[in-house]
Amino acid sequence: MTEGGGNRPANVAAVDDAAAPPSVEGSAAAETATKATPERDLWLPRWLVAHPLYAGWAWTVVWAGLIVLDEVVDLAGWTWYLLVLVAALPTLISTLVVLHATPRSHLRAVDATVLGHFFVRFLALVAAFMVWAASVVMSASISTTVQTVIGDSEKEVTALGFNLMLAAVPLVLSILWMAFIVRCAWFLRRLRGWRQVPVKTRVPKKFLKGRPRLKRVVVGLAHPGLLLVAGLGTSLLALFVDAVELTLNVLG
């Protein structure tokens, strides 16, 4: 009797079972599953799968041109916001899908230093102070303008104040939108880097598992640079052309 008693025949049998060739039916099923998986993504154009980032840049340029044309032709006011949204739509949707599928544990800054941590917080406090100071100055300027234009009429002052608040809504939303875009781009940089098709990412392996072509397109469009240009760039246009113009019209 060998050492280990009756366990050895069982082990040999287990090895033999593992080494045995798969049955014909099993091979056929596996081959069918392998062939069926890529077919789910065949509807994607080959050029889009090969160069998703270039396609995103082309989309942004085309819609940016339409935004400029809209300003020249002077169409309805709501078309401006629609064009701005559509220009950033592909990269924005891809970004939201990728970030939603990625747990925050994948982005733990294990290599961040204490100095870097506090420096980022310091910059955030400086930015918050600048925003607060600008709001104080703008409030004082608006109050002085209202008193100069309207005088002491309480009703007119209140009405103008509400009009100014409504006029400031697009401006505030634009600023919050830009902050959201910058934050998403920051996480994308840490998540997948700056390459069009990153070699190594922190995106979960189960994300779009079995659909490699679609995953390549989504990750390619979720690019931090493309998001900044398509989202932040068009928002800056909306901020300086549309929202400021609306505010001036109300003041006038």
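**Exercise 1.** Decide whether phenylalanine 119 is buried, partly exposed or exposed in this predicted model.

*Solution.* Start with the cut-offs: buried means under 20% relative accessible area, exposed means over 50%, and partly exposed lies in between (1.4 Å probe, protein chains only). Phenylalanine 119 has a relative accessible area of 46%, so this residue is partly exposed. Next, place it: phenylalanine 119 sits in helix 6 (residues 114–150), where a helix is a DSSP run of H or I with at least four residues, numbered from the N terminus.

A word on conventions: residue numbers start from 1 along each chain as its sequence is written. Local features need pLDDT of at least 70, side-chain atom pairs count only at pLDDT 80 or more, totals for chains, interfaces and linings use all residues, and side-chain values use heavy atoms, leaving out hydrogens and water.

**Exercise 2.** Check whether the span of helix 7 (residues 154–192) agrees or disagrees with its number of residues.

*Solution.* First, recall that the expected span is 1.5 Å times one less than the number of residues. With 39 residues, helix 7 should span 57 Å. Then compare: the end C-alpha atoms are 56 Å apart, which agrees.

**Exercise 3.** Find where helix 7 bends, and what follows the helix.

*Solution.* The bend is the angle between axes fitted to the seven residues ending at a residue and the seven starting there. Helix 7 bends by about 35° at alanine 168, and proline 170 follows within four residues. After helix 7 comes glycine 193, with a positive phi near 80°.

**Exercise 4.** Work out how many helices and strands the protein has.

*Solution.* Count the elements: nine helices and zero strands.

Note on methods. Helices (H or I, at least four residues) and strands (E, at least two) are DSSP runs, numbered from the N terminus.
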